[in-house]
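Let's walk through this model together, starting with its cysteines and moving on to a helix and the aromatic rings. Please keep the 3D view open as you read.

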Amino acid sequence: MSLYSILQNLLQLPGVLVLLGCFALVLCLSVPAYFCVLRPRIGTTEWIRRLDARHFTSLQRVPYSMADLIWAPLTALCAACLRFVYLFFCLQLHRKDNAMELLARYVGRFLPQLAACAVAALAVYLLVRSLFGKASAAVCCGLLLGLTLNSNCYAAAFLSLSLLCLWYWMSAPYDAPLFFGGLWLAAAIVLYAGALLCSFTYLWLAPFYIGVYVAVQILRFRGGDPETRTNKLVLSVLLVVLLLFFGLIAVWLVYRVVLRGDGDPVALLRSLSFYRGLFPAITERMSRLFVPGAALEHLYVGDAFLFIAGVLSLIPLLHGVIRFRDSRCLLLLLLLPCFFALWLCAGTYIMALPLALCLGWVWSVYARRGRVLLTVGFTCVTALCFLAERIIL
């Protein structure tokens, strides 16, 4: 679908256009609200501390608390419920007399998608909570992601869990034991492989993983113990190479057995044709990474709401990098180009995930400055407008 066709369809829905315009105007207030809450409090010495020069610091995860045992599953459950409400209106069951009969027929199709949205919401909650330390911001980001995943739900679940494991590995101390920290990296790679099984186009995200690995190893080599850092670096590289090699074989095996139904996995591993077909298959799929004109093919009108909110959050995120030298903001900014290339070049839209994480910074600043109502308010506006679009349409 071309951009002209999308605009032509929108012009036939004036109610949706008005809703989008009003939503954009309201969300624009989130940027000045961010700068307003950052003003030094009257009667304090905050302004003095801000005169000091800031430097990028090592990434450190915020520890969880007992309250997270309640908030994390509650976020996943509420995200699944909200997604169910959206699907209910998406099928226009509220306008049909036999709604319960149709609901019973479609519930089997609903459940896998609801489960994937719940997993993605849970992972985003844990990630935002560990990044910024504010449960309110983590709850809101998880709910919005689970609600607004209109496509690629299973890949979003794999990628959100992969990013969570990658963050746990990145935020470990420089002198942490190699083995136990490496398990998080291995889990991140395995979960990323799960996303590749959903679609090979997610290979566009590989530069982020490679860049993070190289950057973290450089930082750990510079800041680690001089007596052990060289051995740890060499051993880490060897283990990652071995993991990637055997992981590639495992992904190819799962693809042949599960997705293509080629028979017994043991027989395939013993067959030379299994290994001969690996690299031609990779080459053939590499050619599909560029799909001209596919960026607008699988978009929904409802994707615009979280997209607008997330794009506006880039201004505070840049402020966090430039003014506060916050390494977490820099990490999120470096994540965006890969997801954008995935959408622009391959037509796979999953921008909801990185944009929800970007909103975590803005909303955590609101919470840290005692303005939790701003976080809740902007979340409710986004969710209600997203649901209202489906009801109007």
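Bear in mind that this is a predicted model. A good place to begin is C385: its sulfur lies 8.1 Å from the closest cysteine sulfur, that of C22, which is too far for a bond. C385 is also buried, at 12% relative accessibility. The count of disulfides in the model is 0. C141 is likewise in no disulfide, as the nearest cysteine sulfur, in C140, is 7.0 Å away. With 1% relative accessibility, C141 is buried.

Both C140 and C141 are among the buried residues of helix 7, so let's look there next. Helix 7 covers residues 135-148, and its 14 residues should span 20 Å at 1.5 Å a residue; the end C-alpha atoms are indeed 20 Å apart. Because 12 of those 14 residues are buried, helix 7 is largely enclosed by the rest of the structure.

Now for the rings: there are 17 aromatic pairs. In one of them, Y34 and F35 have ring centres 5.0 Å apart and planes at 80 degrees, so they meet edge-to-face. Y34 is buried at 0% relative accessible area, while F35 is partly exposed at 34%.

F307 and W343 also pair edge-to-face, with 5.9 Å between centres and 70 degrees between planes. Since F307 belongs to helix 15 (residues 303-312) and W343 to helix 17 (residues 327-346), this pair ties together parts 36 residues apart in sequence. F307 is partly exposed at 27% relative accessibility, and W343 is buried at 13%. Ring pairs join F307 and W343 with F340 and Y349 in a cluster.

Finally, turn to the charges over rings. The charged end of R220 sits over W169, 4.7 Å from the ring centre, and that of R229 sits over F221, 4.6 Å from the ring centre.

Methods:
Residues numbered from 1 in each chain as written. Predicted model: local features only at pLDDT ≥ 70, side-chain atom pairs only at ≥ 80, totals over all residues. Heavy atoms only, no water. Disulfide = S-S within 2.5 Å. Buried < 20%, exposed > 50% of the residue type's maximum accessible area, 1.4 Å probe, protein only. Helix = DSSP H or I, 4+ residues; strand = E, 2+ residues; numbered from the N terminus. Expected span 1.5 Å × (residues − 1). Phe/Tyr/Trp six-rings, centres within 6.5 Å; stacked < 30°, edge-to-face > 60°. Lys NZ or Arg CZ within 6 Å of the ring centre and 35° of its normal.
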